[in-house]
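Here is a friendly walk through one protein model, from its strands to its core and on to a single loop residue. Keep the viewer open as you read.

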Amino acid sequence: MDNIGAQPHFIAAGTTTVDVTEEELMAVLEADMTGTPAAVDFNPDEDFEEAFYSASQSTGTSQWIVADVQPGTLIMICFFPDISDGLPHAYHGMIETVEVAE
Ligand SMILES: [Cu+2]
């Protein structure tokens, strides 16, 4: 992966067999911050299996990661603190999902 952005990033990734959207994952993160449960059928403690992490990655650099990813939905989240407010990038929407076939 290449970092072509203005800030460093890193990826925490895991798989789930729950059908969950990026918007629903944002709601789960929001719930974690506010303490108000999200109306989403996804419990990260039960429905998320860690797959891989990347190292923090500076602007203008590339890195390759070898990972054995299980079938399902791969969730990739950046928790690097944002330069503007210190919140992890995930809270600014830096969440991606990719379907992984059998
Ligand atoms: Cu980031």
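## Strands, core and a loop residue

Thr15 stands opposite Leu74 in E3. That pair is a good place to start in this predicted model, since it belongs to the pairing of strand E1 (residues 12-16) with E3, which is antiparallel and runs over five bridges. On to the next pairing: E3 and E4 also run antiparallel, joined by six bridges. Here Gly72 faces Val100 in E4, and Ile75 faces Thr97 in E4.

The table gathers these opposite pairs.

| Residue in one strand | Residue opposite | Strand of the opposite residue |
|---|---|---|
| Thr15 | Leu74 | E3 |
| Gly72 | Val100 | E4 |
| Ile75 | Thr97 | E4 |

How are the strands ordered in the sheet? The order is E2-E1-E3-E4, in an open sheet of four strands with antiparallel pairing. Strand E2 (49-53) and strand E4 (95-100) form the edges, each pairing on one side only. From one strand to the next, the twist averages 25°. As a reminder, strands of a sheet pair through backbone hydrogen bonds, either parallel or antiparallel.

Helix H1 packs on this sheet, where it touches E3 and E4, and its direction makes about 130° with that of E4. Does the length of H1 agree or disagree with what its residue count predicts? At 1.5 Å a residue, its 13 residues should span 18 Å, and the end C-alpha atoms are indeed 18 Å apart, so the two agree. Right after H1 comes Gly35, with a positive phi near 85°.

Now for the core. The largest nonpolar core has nine residues: Ile11, Val20, Leu25, Leu29, Phe48, Ile75, Ile77, Cys78 and Ile95. Helix H1 (22-34) and strand E3 (72-77) each supply at least two residues of this core. That fits a familiar trend: in soluble globular proteins, nonpolar side chains tend to be buried together. Ile75, which you met opposite Thr97 in E4, is one of the core residues. Ile11 is another core member; leaving aside neighbours within four places in sequence, Ile11 contacts Tyr53, Ser54, Met76 and Cys78.

Next, look at Ala55, which sits in the loop between E2 and E3. Is Ala55 buried or exposed? Ala55 is exposed, because 11 other C-beta atoms lie within 10 Å, and a residue counts as exposed at 12 or fewer. Even so, Ala55 touches Phe10 and Gln63, not counting residues up to four places away in sequence. Pro44 is another matter: Ala55 and Pro44 are 11 residues apart in sequence, and their C-alpha atoms are 22 Å apart in space.

Finally, step back to the whole chain. The protein has two helices and four strands, which follow the pattern β-α-α-β-β-β along the sequence. Its C-alpha atoms fill a box of roughly 40 × 35 × 15 Å along the principal axes. With 102 residues, a compact globule would have a radius of gyration near 13 Å, and the 14 Å of the protein therefore agrees. Of those 102 residues, 17% count as buried. Among contacts with a separation of 6 or more, 67% come from residues 24 or more positions apart.

Key
Residues are numbered from 1 along each chain as its sequence is written. This is a predicted model: local features need pLDDT of at least 70, side-chain atom pairs count only at pLDDT 80 or more; totals for chains, interfaces and linings use all residues. A nonpolar core is a set of buried Ala, Val, Leu, Ile, Met, Phe, Trp, Tyr and Cys residues joined through C-beta atoms within 7 Å. A residue is buried if 20 or more other C-beta atoms lie within 10 Å of its own, exposed if 12 or fewer, and partly exposed in between; C-beta atoms are placed from the backbone. Two residues are in contact if their C-beta atoms, placed from the backbone, lie within 7 Å. Two strands pair if DSSP finds at least two bridges between them. Axes are lines fitted to C-alpha atoms, for helices over the stretch in contact, and angles run from 0 to 180 degrees between N-to-C directions. The expected span of a helix is 1.5 Å times one less than its number of residues. The radius of gyration is taken over C-alpha atoms; the globule rule is 2.2 Å times the number of residues to the power 0.38.
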